[in-house]
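Could you walk me through this structure? I'd like to follow how the strands pair up and what sits inside.

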Amino acid sequence: QEQLVDSGGGLVQAGDSLRLSCTGSGATLSRLSVAWFRQAPGKGREFVICHTWDGSTYSTDSVKGRFTISNDNSQNTVYLQMNGLQSEDTAVYYCAVDRERTFGGGGYFRQASSYDYWGQGTQVTVSS
């Protein structure tokens with residue numbers, strides 16, 4: 001059965017870096033489209049960044065130049081490297097997978113409904 005486990009969150013200060021991990025089982029993440037979303041208190045789930053099965057990367061404007069997504073195929077893990085963290089980045093972060101290897105542009109991959117299963121989330125808190 002397909003499953004994702006999110007980890008790596010914590011409490012950091014503004015300007016610090018953090019790396020989140022999304023480890024998969026039941027599917028090879030490098031062959032699929034994997035995204036990170038986040039949800040801040042009192043807000044809806046927000047797209048952050050994704051890497052598609054065919055090699056494209058999309059990110060939301062607020063994290064461009066600060067956040068990157070990468071794969072470790074040997075660990076079946078996708079990482080979210082977050083640099084220059086700001087208080088506005090405080091949220092629960094979730095990874096998600098589209099199992100269908102869909103052909104879609106940025107508009108498709110930015111929607112939460114495009115993804116079939118999700119990790120449990122990991123809390124990131126940035127103090128200013």
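Start with β7 and β8: β8 covers residues 77-82, and the two strands pair in the antiparallel sense over six bridges. To find your place along them, look for D72, which sits opposite T77 in β8. Keep in mind as you look that this is a predicted model.

Now zoom out a little. The β7-β8 pair belongs to an open sheet of four strands, ordered β1-β3-β8-β7, and the pairing is antiparallel. The edges are held by β1 (3-7) and β7 (67-72); each has a single partner strand, so one side of each is left without a neighbour in the sheet. On average, neighbouring strands here are turned by 20 degrees against each other, direction ignored. As a reminder of what holds such an arrangement together, strands of a sheet pair through backbone hydrogen bonds, in either a parallel or an antiparallel way.

What about the rest of the chain? In total, the protein chain has one helix and 11 strands. Reading from the N terminus, the order is β-β-β-β-β-β-β-β-β-α-β-β. The radius of gyration is 14 Å, close to the 14 Å that the globule rule gives for 128 residues, so the chain is as compact as a globular protein of that length. Along the principal axes, the C-alpha atoms fill a box of roughly 40 × 30 × 25 Å. Sequence-distant residues meet a lot in this fold: take the contacts between residues at least 6 apart in sequence, and 60% of them join residues at least 24 apart.

Next, the inside. Of the 128 residues, 42% count as buried. The largest nonpolar core has 26 residues, and the members touching the most others are L20, W36, F67, L80, M82 and Y93. Several strands feed this core with at least two residues each: β3 (18-25), β4 (33-39), β5 (45-51), β7, β8, β9 (91-98) and β11 (122-127). The largest share, four residues, comes from β9.

M82 is a handy residue to click on. Setting aside its neighbours within four places in sequence, M82 is in contact with D16, S17, L18, L20, R66, F67, Y93 and V124. There's also a second, separate core of seven residues, with F37, C50, A96 and F109 among them.

Finally, the outside: the protein chain exposes about 6300 Å², and carbon and sulfur atoms supply 44% of that.

Note on methods: Residues are numbered from 1 along each chain as its sequence is written. This is a predicted model: local features need pLDDT of at least 70, side-chain atom pairs count only at pLDDT 80 or more; totals for chains, interfaces and linings use all residues. Side-chain values use heavy atoms; hydrogens and water are left out. Two strands pair if DSSP finds at least two bridges between them. Axes are lines fitted to C-alpha atoms, for helices over the stretch in contact, and angles run from 0 to 180 degrees between N-to-C directions. The radius of gyration is taken over C-alpha atoms; the globule rule is 2.2 Å times the number of residues to the power 0.38. Buried means under 20% relative accessible area, exposed over 50%, partly exposed in between (1.4 Å probe, protein chains only). Contact means heavy atoms within 4.5 Å. Accessible areas come from the Shrake-Rupley method with a 1.4 Å probe; for residues, only the protein chains shown count as cover. A nonpolar core is a set of buried Ala, Val, Leu, Ile, Met, Phe, Trp, Tyr and Cys residues joined through side-chain atoms within 4.5 Å.
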